[in-house]
Amino acid sequence: MSEVLKITYSAPDISKTGSLIVFIGDDGQLPDAVRKLIGTTGAQSLKRAIEAENFKGKAKAALTVTAPHGLEVERVILIGIGGEKDRKETDYVRLGGVIAGRLGSAKSASVLLIGPSDWRVDGQAASDLAMGMRLRAYRFDKYQTKKRDNDTEKTSGTVSVKIGLAAHAEAKKLSKAGEGIADGVILARNLVNEPPNVLDPVEFARRASELTKLGVEVTVLDEKQLAKIGMRALLGVGQGSSKESRVVIMRWNGAKAAKSAKTGPLAFIGKGVVFDTGGISIKPAAGMEDMKGDMGGAACVVGLMHALASRKAKVNAIGAIGLVENMPDGNAQRPGDIVTSLSGQTIEIINTDAEGRLVLGDVLWYIKEHYKPSLMIDLATLTGAVLVALGQENAGLFSNNDTLSERLHAAGVATGETVWRLPLSTAYDKMIDSKFADMKNTGGRFAGSITAAQFLKRFVGDTPWVHLDIAGTAMGSPESDINKSWGSGWGVRLLDRFVADYYED
Ligand code: BES
Ligand code: MN
Ligand code: ZN
């Protein structure tokens, strides 16, 4: 979890740097301004390397030129930005990732954010580039006591990175927000990667409580309080664990009075099963260690609150997370048990491994009743079935509101954290009717993600609501330009963008 990059902004500058990063379009030519900075001999060395390697400047392609003649740097890293069309569509966050992946063993780097005249090199581009670099450089290595030989990307100590551009003052100003968002993603990743013996509900709540430093109001409800409130469905999941359950409510009041004050806050609710053995309906051994990530929804909510607070988002937002451990001991919940949820609705437990919905049902109801939010979005690593349906490329989206769905879809496209809507309907709803109670907690073999969402729907009333099933995206997703971590921090950038684009005063 080493924070390896220290990024600053300045005018383009090549002095005292290990790695020099230069962008090249598909004409394979160095921009004139770059040529000027590095001098004739340096430019000639690079030209020879470009020709010898037949480097065409294709988008995201890279060529490292070691110890080029005429330059004092250890290496020049040429990064392709492609043709006119590619350049118009440059994703600067991803581009930053590509750069960070190429830094090598340098202790310092200088990025010359200069390109053909049609390439956007403003403060926002620089700030996004920095975010991508940090997300890519992130590693969770706090439990690795020995450096491993094949760890090519592992650097020891901090690397200072200068991003050089004309608009460096603007970049510096804008980057504050970007840093807060990246910090939020990194916080979420840390929580997901942390082992379950360390991160139990109490420790998770403690870490969430650290958001008070940013001006977030944090309330931690313990088991006694939860029992008094009546969250019996949530407590039932935790009752087989020696670890106590918790619910954490985080409040960020950043709206300038009027707007979201009148309509009610935005509410984000996360599943925080710190470890999911399945309970009495125990899971098979293979891969069970991955169930330390069953709190990815809660991690995202904490990361999002961090992002919103640190960039002082002009919005009122609530984050609520249900923290439990699903274990099978002598006191554990059984298949056949009937629990009365906070809503008053009764639930027959068919499978103790369908625990996330029990946790969320109570938290959703509580937030709806207590805070009258203008909308609720829950995130949960809820079903293996969503992996079958969508793989790891999209989170499953379920909603009772078309506008909300469309907004999230758009924010997904903008950030690359994409969602795909799946249906809800009364026909599926019947699948969770119970012989003995108001509902049962599983709906059979078919449409597992949908019946789980139908279950949640019974706890949101008329509140505009979205459920995101992130079982496929929160952890173990394929590595990308900006993520090499098992815990991806998925959803922080998506929801931050959703808030910024549609809900800030
Ligand atoms: N946490 C799991 C879902 C999950 C599976 C998350 C794989 C990430 C990766 C959830 O609690 C669960 O066990 N769901 C069951 C539901 C079933 C018993 C109806 C599932 O998906 O099999
Ligand atoms: Mn489960
Ligand atoms: Zn689970």
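An oxygen atom of ligand 1 lies 2.8 Å from an N or O atom in the side chain of Asp353. The model is predicted. The protein covers 77% of the 520 Å² of accessible area that ligand 1 has on its own.

Asp353 is among the residues that come nearest to ligand 1, out of 16 around it; the others named are Lys283, Asp294, Glu355 and Gly384. Sorted by class, the shell around ligand 1 holds 7 charged, 5 polar and 4 nonpolar residues. The contacts of ligand 1 with Asp294, Asp353 and Gly384 are set out below.

| Ligand 1 atom | Protein partner | Distance |
|---|---|---|
| nitrogen | Asp294, N or O atom in the side chain | 2.8 Å |
| oxygen | Asp353, N or O atom in the side chain | 2.8 Å |
| oxygen | Gly384, polar backbone atom | 2.7 Å |

Two helix pairs can be described as well. In general, a packed pair is described by the angle between the axes and the distance between them.

Helix H3, residues 92-100, packs with helix H4, residues 123-137, at an angle of about 50°, and their axes are 6 Å apart. Because of that angle, H3 is oblique to H4. The crossing in which H3 passes H4 is right-handed.

For helix H11, residues 356-371, and helix H15, residues 448-457, the axes come within 9 Å and cross at roughly 30°. Angles under 35 degrees count as roughly parallel, so H11 is roughly parallel to H15. H11 passes H15 in a right-handed crossing.

Notes:
Residues numbered from 1 in each chain as written. Chains lettered and ligands numbered in written order. Predicted model: local features only at pLDDT ≥ 70, side-chain atom pairs only at ≥ 80, totals over all residues. Heavy atoms only, no water. Near = heavy atom within 4 Å. Polar contact = N/O pair within 3.5 Å; in protein donor to acceptor, adjacent residues only side chain to side chain. Areas by Shrake-Rupley, 256 points an atom, 1.4 Å probe, with all protein chains shown as cover. Nonpolar A, V, L, I, M, F, W, Y, C, P; charged D, E, K, R; others polar. Axes fitted to C-alpha atoms, helices over the stretch in contact; angles between N-to-C directions. Helix = DSSP H or I, 4+ residues; strand = E, 2+ residues; numbered from the N terminus. Parallel < 35°, antiparallel > 145°, perpendicular 65-115°, else oblique. Left-handed = near helix turned anticlockwise from the far one by under 90°.
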